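Work through the three exercises below with the structure open. Each task is followed by a solution in steps.

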Amino acid sequence: MGHKSKVLWQIEARILAWLIGMVFSIWLIDTGQYFELPFGTRITSRFSAGNISSNMTIFNDLNSTAKETCLNFDNTTKSSEGEDSGSENNFVPEKNGGSDDSFKLEADTDPADESPSVDFVEIYDHSTVDKSIAADNSLAPGKARESAYSFFAPNNAATDSSSSLGSSSEETNGLREEENGGISATPANINSHSPIISVYPNTSLVVKYTGNVIAKDEKSKEVQRQTVLPENSSSKTNVSVPKGGLKQPAVVVSISEMNDLLLQSRASSFSAKPQWPSAVDQDLQNARLQIANAPVVVNDPTLYAPLYRNVSMFKRSYELMGKMLKVYIYKEGERPIFHQPVLKGIYASEGWFMNLMESNKHFVTRDPRKAHLFYLPFSSRMLELTLYVPDSHSKKNLIEHLKNYLDMIVARHSFWNRTAGADHFLVACHDWALSETNQHMGNCLRALCNSDVERGFRFGKDVSLPETSVRSPNNTLLQLGGKPLSQRRILAFFAGSMHGYLRPVLLQHWQDKDPDMKIFGLMRDKVNGKVNYVEHMKSSKYCICPKGFGVNSPRVVEAIFYECVPVIISDNFVPPFFDILNWESFAVFVREKDIPNLKSILLSIPQKKYLEMRKRVKKVQKHFLWHPRPVKYDIFHMILHSIWYNRVFRP
């Protein structure tokens, strides 16, 4: 009897607990409650009558790895089947031969066009993207195979089809106007991460890759870029600036915040464990230990310490690269997109690197088992010139071409599958390369000229590639250097086409407004037989480097080439070799919204500091020079080193 009573009591207790739970749940639904669990884990649940929506956000703050992962599940409108969805395939076509250079070349030379050209602007999607891409082990074999090397970028890779070219009246160039002139990034914005899911082929293993994400605001207004450019003079350029003044990115990441993001990426970088071991893994581990414990460098005659974040680590890493690094280059791929470098113009960085890499005997190996890195030798410029269909407003076929190439690589070789592409790299200078490679090559190490934080550039993995304007492939050092300080009578100089929303604002404030500020529109390279643009660069203390359609500009390297202190006006632009160089020691960074105060900012720099910056510009110059046969610490070796460095510190 006692036993039966005990059983009945247990049943009644369970029923009572269930009833209490039901009552509590009903109360929770009616009121909406918030719970905060230990270790910063937070669960929020809200329900409202008529429109029931559920948003769950989980934050994990692990101090040991400084890693923060954010998973957001939102109800979003699905793209229509068979329709181009997302901004990556929508843009206005380019006219071949269009020119956005700072100068107009002579008739016997090809115009160097800045990416994109004057009629070539990519329209980005502006819907808030903080989407998780879910995957599970129940994927069908065919589906898993299809996704084997698809990596979704933390920004703009997954977008809603409602953002189309026809509805882009409030969107231009991926930048939005805020009501009060833009907003600054907050720590929450900067540190948020959106997971990137990779499914390995022939296995059910699912790996999450996290990258830096900058949260976006949904409001945007149209940016007007109507300009009238005088073709044969550098006189006053009539410009039409955006209504309401200066437009800004939704979130602006300062240089100091980029420094924090870089350090954070080193602490929290994550790459999947290789599918099978290789001797190169031990090489990378040994290199990482040696670089981290590098002997202190004191008064190195070739490396001026203030130019670098850590001169000791850089020197040791560079030495180890020379001793250890082996690169395997895929032979697959047909010309002109593959294995055909462009050696002239503003896209020359990718071409010169390809040319020197493929002819290199020191780093290149024919045995892939010895390779620490695998090079995908395609030209983003030739991809655009070869496959883009004028007036198509789509680069879908360009992305598909790269996917087909990768399909072939994966089918023929097993190297990609070992690390899901984490030991593969590409070097691409066209503005579109960032979005073209986001989905299928997003896990690769990418050297990109378009190093835009807001568009998906990932610290610790991606490399900011210098955009170099090569005028003469036969003489890459033509007109190198500048005038002495006594002959630099111009405070600040800029000349160029009115690409993007920023340059018209620059001209509106400063063209013909101050004799110390030589700010022009398009300028011929020569006037009456005399060098004009180059002469101005060589005669100026500061060279203004404003963004065009993209955040990058060849003027940054041009300023260094002509020994002029660069003044970079481009929010969210990660300067070249950012992982190695201390840019704030030799360049000036001005927020876009501070253009009206440009002269006062420059005049506030003490003469002593300016002289030191100019001295450092001359010393850093060697890192930005192309040579037919690479020399120590030149731009070829610096690009390769940055890729190697990211590979070493990407476990």
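The model used here is predicted.

**Exercise 1. Cavity lining**

Task: Describe the lining of the largest cavity by residue class, then state its volume and the residues nearest its centre.

Solution:
- By class, nine nonpolar, six polar and two charged residues line the largest cavity.
- The lining consists of 17 residues.
- Nearest the centre lie Ser469, Val470, Arg471, Thr476 and Phe561.
- The volume of the largest cavity is about 220 Å³.
- In the structure there are nine cavities of 30 Å³ or more.

**Exercise 2. Strand order**

Task: Give the order of the strands in the open sheet and name the edge strands.

Solution:
- The sheet has five strands, in the order S12-S13-S14-S15-S16, with parallel pairing.
- At the edges are S12 (327–329) and S16 (463–464), each of which pairs on one side only.
- Inside the order, S14 (residues 424–428) pairs with S15 (residues 445–448) over four bridges.
- Phe425 has Leu445 in S15 as its bridge partner.

**Exercise 3. Two helices**

Task: Find how helix H5 (residues 279–292) is oriented relative to helix H17 (residues 635–648), and which residues meet.

Solution:
- The two helices pack at an angle of about 100°, and their axes are 9 Å apart.
- Angles of 65 to 115 degrees count as roughly perpendicular, so H5 is roughly perpendicular to H17.
- From H5, Leu284, Ala287, Arg288 and Ile291 meet Trp644, Tyr645, Arg647 and Val648 of H17.
- By class, this contact has six nonpolar, two charged and no polar residues.
- H17 also lies across S12, S13 (373–375), S14, S15 and S16, and runs at about 150° to S15.

Technical notes. Residues numbered from 1 in each chain as written. Predicted model: local features only at pLDDT ≥ 70, side-chain atom pairs only at ≥ 80, totals over all residues. Heavy atoms only, no water. Axes fitted to C-alpha atoms, helices over the stretch in contact; angles between N-to-C directions. Parallel < 35°, antiparallel > 145°, perpendicular 65-115°, else oblique. Contact = heavy atoms within 4.5 Å. Nonpolar A, V, L, I, M, F, W, Y, C, P; charged D, E, K, R; others polar. Pairing = 2+ DSSP bridges. 1 Å grid on protein atoms, 1.4 Å probe; cavity = no way out; pocket = protein on both sides within 12 Å on 5 of 7 lines; lining within 4 Å. Points joined across faces, edges and corners; volume = space filled by probe spheres on them.
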